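Trainee: I've got the model open and I'd like to talk through how its pieces pack. Can we go through it question by question?

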Amino acid sequence: MINLWQAHLSFAMIVFLLLPGFGLSRLWRAVLLAALLAISFIPLDGLTLAAYLRSHIDDLAITTLVFMAWGCLRRLDLLPPAQHGQISVLIIFAAMALLLYPATLGLSYLDPYRFGYSPRILLTFIALLTLGLFYLRHGLAVAMLAGATLAFMFGIKPSHNYWDYLVDPLLGLYCCGALLVLAVRAACRWLIRQRGPAR
Amino acid sequence: MRIRRPRLAVFVTYIALVCLFASVWLTHPAPVHSSFALMSPTMAVANKVAKPIYTSRFASSGLLDFVHSSAVTALPDGSLMSVWFAGTREGAADVQVRSAVFNATTGEWGAERVLATRDSTQQGTRKYIRKLGNPVVALAPDNRLWLFYVSVSMGGWAGSAVNVMVSDDFGENWSAPRQLITSPFLNISTLVRSAPVFHADGSIGLPVYHEFLGKFAEYLYLSPDGNVIDKYRISRGNNSLQPTVVPLDGQRGIALLRYAGETHHRVLATRTEDAGQTWSEPYPLDPSNPNSSLAAVATPEHGLLVALNDLQEGRFKLSLYGTDAKMNDWRSVRDLDKSPDPLGNPFSPQAYKEIIGHEFRDSSGALRQPLEAQFLSNLDTRVCTSRGCEFEYEYPYFIRSPDGMYHLVYSWNNTFIKHVTFNDAWLSERLK
């Protein structure tokens, strides 16, 4: 029943990260997180609130859980801001999502999801990527990819597909959206700089 | 410069990462794909039955519910189990997956039994379930009985997931339902409709299809314990659904597909030469297909028997055809059920009642004969509109049992599940 524990953790962390800080102290923020975890167990017509959320977002990837755990620890001031690699996280998982999800629409006979059932090629690629990211000291990305691979080794999700440990639509959507926002901001800054000397 | 003298912790982390990925690489080889398991009907028994046999019975017995999407499998004692979904209407929250067992001695179908409900599926999968649909049942070579059916948590049928239940005692007791993980996108948009195919090592080939934006077919490859371990695309694009897969030998097989496009409205076919791993580009066949489900089985002469609505539009006629393995030569075997009007035009309620009453008696058998008056007084708005009352015969599901008999179940005006059975002698006579 690991997937249900995962659902409760997902519920608590998603709501915690979506809520504003309310100016709470670190202790009260921790209490809020614990309260959200407790709320996730509230039953409604035979299912918990976490199960309802899971019905719509399915079981999240392990990478997402690590990413959200990192976000929660940051919110609780237990981790310093990532020194490197936040953008690399966004790029890696946005790229994975863009590679994987359009193919599920059946546009061609190529189905990258299949590589997750016979994962040696994908594993080799992710291993090289993880080692490269570790060399660059992109700790968050390394933790996400290594955590997902460790979880896949022990089969803690019901899926036998490596992809399901690596990426999910929520993570993909978040990374694509965040990259888009960063790109728009960068474009705005560039435009402002271009206008500056003309005045 | 990024390169610095590696500290011990860094070195250990490198080693740990390498060991982690190497371990997973070693413990996760590609699944071995097995050839199709070919069922050889007991020809000795089949040959003894020299007399042509063709009978029909209703498998369902309820009179009030909308019934649809039936499937059937043969059990070792010669009996059959059929499953279908029933409820106030398709997609209603009260839809249940029901079953009945055919007693080979009496030649009658027994009482209905509920196998899965929205609530039982919700409890088993720990997910909110809006509606159920499309059950299929199949007995594996190891005598485990598998039930696959569709459930939806959000949206329409395009948001479907496939659930599985298994029985080790031929349907007396069933495991709790669980969901197969079939898609990376929220595990939605996978539907099942056609008969599973078993492979030589006990693995299960489950023909499925997708309806979310694209409409295409896939072949799920399940381990003998029912976990998805691979999948293969049968078709692509936006015009094919509900593959029915017929193995011809250990490696070769044919999939016939429901055509859901807007161009030619014909049955599609595709072939595999490697037990379902790769499929040829689907191509249209002679028979028409009005975007309706079809079913096929192999015959001893290496041809196919196909049940389908050979119509451009509507489902008012369900026909049985025979074809050769190349699917070039199509011969009509029999119209299994059809509207008396060749164009499927509606009838007045009075005329309809007379026709359907006669058809009911043809298939009711001794057990359901007493239901006739109630059935005729209950003809409801499902079959009748302001235009009149129409006939609908659809969603065939075809098997050949180990004793060589052919069994076909289908939706009979969405009021009953009808079972038609015949033997090779009858078939030979029809194909003369």
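Trainee: How are helix 5 of chain A and helix 7 of chain A oriented to each other: parallel, perpendicular or oblique?
Mentor: Keep in mind that this is a predicted model. The axes of the two helices, helix 5 and helix 7 (residues 139–154) of chain A, come within 7 Å and cross at roughly 40°. Angles under 35 degrees would count as roughly parallel, and 65 to 115 as roughly perpendicular. Helix 5 and helix 7 of chain A are therefore oblique.

Trainee: And which residues of helix 7 of chain A make that contact?
Mentor: Start on the other side: helix 5 of chain A brings Gln86(A), Ser88(A), Val89(A) and Ile92(A). By class, the contact has five nonpolar, two polar and no charged residues. From helix 7 of chain A come Leu140(A), Ala141(A) and Met144(A).

Trainee: What about helix 9 of chain A, which of its residues are buried?
Mentor: This helix covers residues 169–195, and its 27 residues reach 38 Å from first C-alpha to last, close to the 39 Å expected. Helix 4 (62–75) and helix 5 (86–100) of chain A are among what covers its buried residues. Those buried residues are Pro169(A), Leu171(A), Gly172(A) and Cys175(A).

Trainee: Over to chain B. Which strands are the edges of the open sheet 20-21-22-23?
Mentor: Four strands make up that sheet, with antiparallel pairing. Neighbouring strands are turned by 15° against each other on average, ignoring direction. An edge strand here pairs on one side only, and that fits strand 20 (295–298) and strand 23 (330–338) of chain B.

Trainee: Which residue in strand 23 of chain B stands opposite Gly322(B)?
Mentor: Strand 22 (residues 317–323) and strand 23 of chain B pair in the antiparallel sense over seven bridges. Helix 6 (residues 424–431) of chain B lies across both strands, at about 115° to strand 23. As for Gly322(B), its opposite in strand 23 of chain B is Arg331(B).

Trainee: Last one: which element gives the most to the side of chain B that touches chain A?
Mentor: In total, 38 residues of chain B are in contact with 43 residues of chain A. The chain B side divides into 18 nonpolar, 13 polar and seven charged residues. Helix 3 (118–125) and strand 15 (228–233) are among the elements that each supply at least two of them. With nine residues, the one giving the most is helix 1 of chain B.

Key:
Residues numbered from 1 in each chain as written. Chains lettered and ligands numbered in written order. Predicted model: local features only at pLDDT ≥ 70, side-chain atom pairs only at ≥ 80, totals over all residues. Expected span 1.5 Å × (residues − 1). Buried ≥ 20, exposed ≤ 12 C-beta atoms within 10 Å, placed from the backbone. Contact = placed C-beta atoms within 7 Å. Axes fitted to C-alpha atoms, helices over the stretch in contact; angles between N-to-C directions. Parallel < 35°, antiparallel > 145°, perpendicular 65-115°, else oblique. Nonpolar A, V, L, I, M, F, W, Y, C, P; charged D, E, K, R; others polar. Pairing = 2+ DSSP bridges.
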